[in-house]
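User: Please take a close look at one short part of this model. Then set it beside other parts of the chain, and say where each conclusion comes from.

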Amino acid sequence: MRLLAGLTAAALSGLAAAASQQTADVYILSANQQSSKETPSIPKEVARHILLQRASRQPYGSDLRDIPSSIDTETAVSHIARFGTGPEPLFTQSDNTNVPQLVVVLEGVTSQQSHELEDALAQSGHRAAFRVSDAPSAAANKNLMTLFQQLGAASSQPCDLAHAINPVNDECWTGVSSVVNYDLQKSSSTYPALLASLSQINKLVAGSDLELTLLVLPESTRSSKVNSWSSLAGSPANNRRRDFGERVITDSTIVRPAPSTPTRSANIQIQKKAIPACFLSLDACKEATNDCSGHGTCVNKFGTGNATASDARACFTCKCMATVVRRGDEPGTSGKKTVHWGGNMCQKKDVSVPFWLITGFTITIVGAVTFAIGLLFSVGQEQLPGVIGAGVSRGASK
């Protein structure tokens, strides 16, 4: 009797543990995505890094300190490299790196809706890229969306699905990435709209005009006992790097140089939000970047300089300019120095030109000296002509 009771308790605890760890499918619709027969099961921490990497508007980096012990770091990095966006080329500009990234988080998906969506995507050649092995609760999803809002990839206002799949719509897009969240139990019209929009989404994906990452969270995960996507990264004590005091995912502070002044207190540390890749208006660009730190000007990247926020392709960003420092203030002195600037706010000095000048000059001097020494050795080893040699021998005999 005791043995039966023990087996029953063990079975019930196993069922409870299995019920507390629900899986969620993730679909990645991309023109360059390679299909695989196997769907790997990935921990939620690694899946979180993949979602952040695809939605990030700046080069994404993390020390991966929140990777669980159930997976080794090398395997986690391979999953992020496989399912994340490709790395940017070092010396060439690739169009694939500028494809708009859309991340759609679907909550409250029933079992029937999940199977219907799987069949509809399979007809267009898209299978689940990977599966989140331990999908967290609705509270964790809310915190994840808050993080996306802090990164500037998600809007605090609700966004209709028809507008979300249009990368030039300024209601849902403020840059090259956007993250939207829908609860199918609260918005019953979203699921039919998604099925009806699959043909349009496939055309955009085939033309490299959009890449869609679809996170399908079953209704059973709403009450999951897992309350965070990453408990370690979510802890304030662990959000800073060990040596440099830098946050793992986002920075709450940044050193922004003030406009050029003759004083030594030109650099001040101020609180700021993440700088988006594009601004919808000229005034917003000037205000957020402090007028490009006084080292440049805000221009429309994709249109004319007179574009406004009402234009669909308005994208204002900083265009850095060189500044000239003159040295003719003192008597008997003259000359000037040109300083080049870079960065998304023109806050960094560009030292590439002096570096290449010094490097090129050093290589030229070393090459010239090497050539001269080699030439002297080659001349000194040559034998004298026969006529000169005969004259020298005859004089010696006398």
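Analyst: A helix here is a DSSP run of H or I with at least four residues, and helices are numbered from the N terminus. Helix 8 covers residues 231-234, and Leu232 lies in it. The model is predicted.

Start with Leu232. Is Leu232 buried, exposed or partly exposed? Its relative accessibility is 29%, so Leu232 counts as partly exposed, since buried means under 20% and exposed means over 50%. Which residue far along the chain pairs with Leu232 in the C-alpha distance? That residue is Ile67, 165 residues away in sequence. The two C-alpha atoms are separated by 9.0 Å.

Now the whole chain. The protein chain has eleven helices and 14 strands. It holds 398 residues, and 32% of them are buried. Consider contacts between residues at least 6 apart in sequence: 72% of these join residues at least 24 apart.

Next, helix against helix. Two packed helices are described by the angle between their axes and the distance between the axes. Take helix 4 (residues 111-123) and helix 7 (residues 190-206). Their axes come within 11 Å and cross at roughly 10°. Angles under 35 degrees count as roughly parallel, so helix 4 is roughly parallel to helix 7. Helix 4 brings Gln113, Glu116, Leu117, Ala120 and Leu121 to the contact. Helix 7 meets them with Tyr191, Leu194, Leu195 and Leu198. Sorted by type, the residues of this contact are seven nonpolar, one polar and one charged.

Aromatic rings come next. The structure holds two aromatic pairs. One of them joins Phe83 and Phe130, with ring centres 5.0 Å apart and 45° between the planes. Stacked needs under 30 degrees and edge-to-face needs over 60, so this pair is tilted. Phe83 lies in helix 3 (residues 73-83), and Phe130 lies in strand 4 (residues 128-135), so the pair ties together parts that are 47 residues apart in sequence. Phe83 is buried because its relative accessible area is 1%, under the 20% limit. Phe130 is buried too, at 1% relative accessibility.

Phe355 and Trp356 also form an aromatic pair. Their ring centres are 5.2 Å apart, with 70° between the planes, which makes the pair edge-to-face. Phe355 is partly exposed at 48% relative accessible area. Trp356 is exposed at 58%, because that value is over 50%.

An annotation covers this stretch. The unreviewed UniProt entry marks residues 355-377 as "transmembrane region". In the model, that span is 100% helix and 0% strand. The C-alpha atoms at its two ends lie 33 Å apart. The label comes from the record, and such annotations may be inferred rather than shown by experiment.

Two loop residues have backbone angles to check. Most residues other than glycine have a negative phi. Ser208 is not a glycine, yet its phi is positive, at about 55°. Ser208 sits in the loop between helix 7 and strand 6 (211-218). It counts as partly exposed at 30% relative accessibility. Asp291 likewise has a positive phi of about 55° and is not a glycine. Asp291 lies in the loop between helix 9 (282-288) and strand 9 (296-300). Its relative accessible area is 37%, so Asp291 is partly exposed.

Two charged residues complete the tour. Asp160 is in the loop between helix 5 (138-151) and helix 6 (161-164). At 45% relative accessible area, Asp160 is partly exposed. Leaving out residues up to four places away in sequence, Asp160 touches Cys172 and Tyr182. Its C-alpha atom is 9.7 Å from that of Ala193, 33 residues away in sequence.

Lys319 belongs to strand 10 (residues 316-320). Lys319 is partly exposed, with 48% relative accessible area. Which residues does Lys319 touch, not counting those up to four places away in sequence? They are Gly296, Thr297, Val299 and Cys346. For Thr297, 22 residues from Lys319 along the chain, the C-alpha separation is 5.4 Å.

Back to the starting point: Leu232 in helix 8 is partly exposed, with its C-alpha atom 9.0 Å from that of Ile67.

Definitions and conventions. Residues are numbered from 1 along each chain as its sequence is written. This is a predicted model: local features need pLDDT of at least 70, side-chain atom pairs count only at pLDDT 80 or more; totals for chains, interfaces and linings use all residues. Side-chain values use heavy atoms; hydrogens and water are left out. Rings of Phe, Tyr and Trp (its six-membered ring) pair if their centres lie within 6.5 Å; planes under 30 degrees apart count as stacked, over 60 as edge-to-face and the rest as tilted. Buried means under 20% relative accessible area, exposed over 50%, partly exposed in between (1.4 Å probe, protein chains only). Axes are lines fitted to C-alpha atoms, for helices over the stretch in contact, and angles run from 0 to 180 degrees between N-to-C directions. Angles under 35 degrees count as roughly parallel, over 145 as roughly antiparallel, 65 to 115 as roughly perpendicular and the rest as oblique. Contact means heavy atoms within 4.5 Å. Ala, Val, Leu, Ile, Met, Phe, Trp, Tyr, Cys and Pro count as nonpolar, Asp, Glu, Lys and Arg as charged, and the others, Gly among them, as polar.
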